[in-house]
Structures are given as structure tokens and as C-alpha cells.
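Trainee: I am new to this structure and would like a close look at one part. Please take the loop with the unusual backbone angles, then the arginines elsewhere.

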Amino acid sequence: MKFNIANPATGQQKTIDIDDERRFRIFYDKKMAQEVSGDSLGDEFKGYVFRITGGNDKQGFPMKQGVLVPHRVRLLLSEGHSCYRPRRTGERNRKSVRGCIVGPDIAVLSLVVVKQARESSRVLRTLSSPNVSAQSVRPRSAASSTSARKTTSGSTSFAAMSRARRTRRRSRTPKRELQAIFVTLGDIWLKIHILLILCFSRSPKIQRLVTPLRLQRRRHLRSLKRRTIERQKEQKSEYDALLAKRLAERKEKAAAIKASHKKATA
């Protein structure tokens, strides 16, 4: 089983592969976010306390917090759930995830150092040293090592100088003259900026120019709208008249039928 051990204090990370199952059997049946002592992993891990933050099984499925089973399950996941990234808004999908309980099918287990040992081992020396960074672990070139020795010996590093100091050192210009040059250039740029602001005035963006053709088109559209409204009014009045006529005819027909029935009964 592989162990990814991370130290938040230094930002370092170390991957360790352990084949002996008796050494990491203590992690079995442990859940995510639980703290486990590292004494059983070996003598080099004595005094360390690790917290389980996740892992993957042998097929690559990640462990999901809150799934209290030691095997793989299929869950309907949506936006906001871990182990799932939706491609569209409101999308849901059923994904296979590994439960949060550690078992023998776990291939990689992620751990975080909670407590460090007083004497750091050779394996975790980079994790426990607080002053070690990722850049210091990398091999250095001859130039960088030389500059580092100069810095530690007390001489001023060239990279740590200010911009004006480096320029003065390259050009051998006195400090007062260099300041005067910088002040003059600053005044010139300020004047140019003021002139640009005065010359180029801002104006609102015109979406559509008001031309005689545009006014004519607007009058034409208004007249069309007015004609449509008048035509609709005329059609409505004709329809109302026709409806009233039909209702009157229907009433007359009903009255005639009623009168004929009365005569027949009489």
C-alpha cells in the first residue's frame, strides 16, 4: 500500500510504499478524519500521529467522506458533492465511489501529519524540518551555490539590491544625479499623461444616429401601427354587430317556435 504523507506546516509531501501488511494493518476499519499513530509503520515513524484524509482503491475510485461502508457503491451525485464535477447546470449523475472505511482493497492512502516526533527520521526529515522548502530540496547549480555562500558570509547579494542601486552600480552614476534623472522622467510622464487627458475627451457612445431617413422610417412605423389599430377596431365593431344580429335572429326563432306550440295546445 502506498502512503501519501503531507505536512501542512512545511508544505512538504512524501510518498512511501510499504509491502508488509502487518505494518499498516492498524489502518484497517479506520474512517476518514480519524487519527492513527504511526508507531506500527516502523521505527522511523515512531512519535508521529497521522490523520486519514482520503485515498483510492485498486481500481482508482476515490474515497468519499460520509459513506460508511468498506466497499464501493454507486451514488446519485450533483453539484456540491465531492468526487463529482458537473458539466452542465443542474446535472446529476450516478457515480461509483469508495466508502470512507479503510480496507485491504485500498491502494493509496493519504495522510496528514498531526503530531511530529522530536527526533525526525531519515525518511521524514524533509517533512519535519520547518525551514526546508521545496526549492531547497532541488539540486543547485554552481552559480546559485556561490551566490548563497556570498549571502551567508555577510556580503550584500546583487539580487537583493533595489532598482536604483543596481542601476547606479552598473552605470557608476552618482546617487544625486540618478535621483534627478528619475525625477525628471517622472515629471515628463506626468505632463504627457495630463496632455493626453485634455486632448482626448470622453463622450457617450452613440448607438444609432438620428438622421432624416431614420425619422422618416420612424413616422412610417408609427403610421403602420396606427392603421393596424384602426383596422382592428373596425373589425371588432363589425363582429359585434354581426353577433348582435345573430342573437336577435335566434331569439325571434325561439319566440316563433314557442308561439306555434301554444297554438297547437290550444
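Mentor: The loop comes before the arginines here. This is a predicted model, in which local features need pLDDT of at least 70 and side-chain atom pairs count only at pLDDT 80 or more, while totals for chains, interfaces and linings use all residues. Residues are numbered from 1 along each chain as its sequence is written, and side-chain values use heavy atoms, leaving out hydrogens and water.

The loop between helix 1 (21-24) and strand 3 (35-37) holds Asp29; helices (H or I, at least four residues) and strands (E, at least two) are DSSP runs numbered from the N terminus. Ala33 is found in that loop between helix 1 and strand 3 too. Most residues other than glycine have a negative phi. Asp29, however, has a positive phi near 65°, and for Ala33 the value is positive at about 80°. Asp29 is exposed because its relative accessible area is 63%, whereas Ala33, at 47%, is partly exposed. Here buried means under 20% relative accessible area, exposed over 50%, and partly exposed in between (1.4 Å probe, protein chains only).

Two arginines lie in strands. Arg74 is in strand 5 (residues 72-77), and its relative accessibility of 52% is why it counts as exposed. Arg98 is in strand 6 (residues 93-98), and it counts as buried because its relative accessibility is 0%. A polar atom of the Arg98 side chain lies 3.0 Å from the backbone oxygen of Pro70.

How values were computed
Polar contact = N/O pair within 3.5 Å; in protein donor to acceptor, adjacent residues only side chain to side chain.
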